[in-house]
Amino acid sequence: MTQDELLRVFIGPRAKTYIQKWSNNRWYFCWAGFFFSVFWLLYRKMYMFAVYMLLTGLMFGYLLYVLGFPLEYNLIINVLISLIIGVFGHNFYRSHVSAQLKKFQKDSKNDLKMLELIGGVTWSVPIAWLLLQILAGIFLLLPWIQYTFFPQPEPTYIEYYYME
């Protein structure tokens, strides 16, 4: 098979768009990468890039916390990470695709079904990541929800007396 056909099989949907952009050797802003950042990386099965971006955000967020900056500065870090993915997203994906195709071509017993499984896109991982974030947010907000919407009654004088 030609390299073009392998790219089409690996990339899956929108393969024509990516091949056309890569053949022009022009820079394109990755709008999907900018707006969906890590979710887009997970959707395109670029798991290591996603882990790097998440760890970068955590590292800089923790560094700002240790240095005493307000938590609002984490928003700036998230926007910068989205901007990095937007600017370099197509390059990240191109290097990911070429590395995966090199691995695939080294092993002669691989077939096209295996290439489709390795490449393509997935909805399950980004959705699982979103659900994990929602669950973490709920668990972190549970004490606030409990004390805001279900306030505890004030102890009476007798309860104070027996507490001591």
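**Exercise 1. The surroundings of Trp-40**

Leaving aside neighbours within four places in sequence, which residues is Trp-40 in contact with?

Solution. This is a predicted model: local features need pLDDT of at least 70, side-chain atom pairs count only at pLDDT 80 or more, and totals for chains, interfaces and linings use all residues. Residues are numbered from 1 along each chain as its sequence is written, and side-chain values use heavy atoms, with hydrogens and water left out.

Step 1. Apply the cut-off: contact means heavy atoms within 4.5 Å.
Step 2. Skip the neighbours within four places in sequence; Trp-40 is then in contact with Tyr-18, Cys-30, Ala-32, Gly-33, Met-46, Ile-85, Gly-89 and Tyr-93.

**Exercise 2. The largest nonpolar core**

Find the residues that touch the most other members of the largest nonpolar core, and the helix that gives the most to it.

Solution. Step 1. A nonpolar core is a set of buried Ala, Val, Leu, Ile, Met, Phe, Trp, Tyr and Cys residues joined through side-chain atoms within 4.5 Å. Buried means under 20% relative accessible area, exposed over 50%, and partly exposed in between, with a 1.4 Å probe and protein chains only.
Step 2. The largest core has 28 residues; Ile-11, Trp-40, Tyr-93 and Val-97 touch the most other members.
Step 3. At least two core residues come from each of α1 (3-11), α2 (15-24), α3 (31-43), α4 (47-66) and α5 (73-106). Helices are DSSP runs (H or I, at least four residues), numbered from the N terminus.
Step 4. α5 gives the most, with eight residues.

**Exercise 3. α3 against α4**

Describe how α3 and α4 pack, from their axes to their residues.

Solution. Step 1. The two axes come within 7 Å and cross at roughly 155°. Axes are lines fitted to C-alpha atoms, for helices over the stretch in contact, and angles run from 0 to 180 degrees between N-to-C directions.
Step 2. α3 and α4 are therefore roughly antiparallel. That class takes angles over 145 degrees; under 35 is roughly parallel, 65 to 115 roughly perpendicular, and the rest oblique.
Step 3. α3 passes α4 in a left-handed crossing. In such a crossing the near helix is turned anticlockwise from the far one by less than a right angle; clockwise is right-handed.
Step 4. Val-38, Leu-41 and Leu-42 in α3 meet Tyr-47, Phe-49, Ala-50, Met-53 and Leu-54 in α4.
Step 5. By class, the contact has eight nonpolar, no polar and no charged residues. Ala, Val, Leu, Ile, Met, Phe, Trp, Tyr, Cys and Pro count as nonpolar, Asp, Glu, Lys and Arg as charged, and the others, Gly among them, as polar.

**Exercise 4. α5 and its two partners**

Describe the packing of α5 with α4 and with α2.

Solution. Step 1. α4 and α5 pack at about 160°, with axes 10 Å apart. That makes α4 roughly antiparallel to α5.
Step 2. α4 passes α5 in a right-handed crossing. The residues of this contact divide into ten nonpolar, six polar and no charged.
Step 3. The axes of α2 and α5 come within 11 Å and cross at roughly 100°. That makes α2 roughly perpendicular to α5.
Step 4. Tyr-18, Lys-21 and Trp-22 of α2 and His-90, Tyr-93, Arg-94 and Val-97 of α5 make the contact. By class it has four nonpolar, one polar and two charged residues.

**Exercise 5. Two residues of α5**

Is His-90 buried or exposed? Is Lys-102 buried or exposed?

Solution. Step 1. His-90 lies in α5. His-90 is buried, with a relative accessible area of 9%.
Step 2. Not counting residues up to four places away in sequence, His-90 touches Tyr-18, Lys-21, Trp-22, Tyr-28, Phe-29 and Cys-30.
Step 3. Lys-102 also lies in α5. Lys-102 counts as exposed, at 55% relative accessibility.
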